[in-house]
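Here are some notes for your reading of this model, set out as numbered points. Please go through them with the structure open.

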Amino acid sequence: MDIRIANLLDIEKIMVLEEQAFKLHSEARPDLIGKHTVNIKGIIEDNNREVFVVDNENEIIGFCIVSVFEIKNHFMYPDMTNIEIDDFCVDEKYRQKGIGKKLFEKVKLYAKEKRAQYITLTVWDFNKNAKNFYEHLGMKTRTNRMELKVESTTSP
């Protein structure tokens with residue numbers, strides 16, 4: 001098993017895993033998550049993003065998409081570089097085997113190389129398994145994003 005940077009030959013294999021994640025999210029929040037269009041090729045070619053894959057004998061069994069972003073001249077935060085995990089998935093068949101932890105360790109090494117102060121991500125509240133996984137890795141909740149669905153009304 002090798003964790004490496006993705007290349008264009010990995011796109012179809014990544015999309016199989018992306019569909020697993022998309023299905024989970026779209027079933028839980030069909031009101032928000034509609035058509036599934038992810039441009040993995042564009043992400044792989046983006047200089048401010050990186051795609052790591054878990055390659056198990058030419059089978060991609062996990063991937064993580066990260067973005068590097070800098071905060072400069074913010075009214076509240078000091079200048080800093082952060083790594084944002086945009087997407088993180090391990091094939092359902094390979095979960096609970098330590099693969100996600102190894103993938104996360106690769107992201108931590110990448111963050112150190114980039115001299116990032118934080119690794120951040122957004123996790124949906126319904127996704128208890130993901131929340132538990134990230135907390136087990138030492139991540140802490142920084143903020144809670146809340147919502148209120150507004151029912152539209154029609155005027156007479």
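1. The buried residues of α1 are covered by elements that include α2 (40-45), β2, β3 and β4, where contact means heavy atoms within 4.5 Å, and where helices (H or I, at least four residues) and strands (E, at least two) are DSSP runs numbered from the N terminus. The model is a predicted one, in which local features need pLDDT of at least 70 and side-chain atom pairs count only at pLDDT 80 or more, while totals for chains, interfaces and linings use all residues. Residues are numbered from 1 along each chain as its sequence is written, and side-chain values use heavy atoms, with hydrogens and water left out.

2. The residues of α1 that are buried (under 20% relative accessible area, with a 1.4 Å probe and protein chains only) are Ile14, Leu17, Glu18, Gln20, Ala21, Phe22, His25 and Ser26. Ser26 counts as buried because its relative accessibility is 16%, and its side chain reaches the backbone oxygen of Lys23 at 3.3 Å.

3. The largest nonpolar core (buried Ala, Val, Leu, Ile, Met, Phe, Trp, Tyr and Cys residues joined through side-chain atoms within 4.5 Å) has 22 residues, and Val66, Ile85, Phe88 and Val107 have the most contacts inside it. At least two residues of this core come from each of β2 (49-56), β3 (59-71), β4 (80-90), α3 (99-113) and α4 (128-136), with α3 giving the most, six residues.

4. Val107, leaving aside neighbours within four places in sequence, is in contact with Phe52, Cys64, Val66, Ile83, Ile85 and Ile119. Another core, of 13 residues, lies apart from the largest one and has Leu17, Ile40, Ile43 and Phe63 among them.

Terms used:
Buried < 20%, exposed > 50% of the residue type's maximum accessible area, 1.4 Å probe, protein only. Polar contact = N/O pair within 3.5 Å; in protein donor to acceptor, adjacent residues only side chain to side chain.
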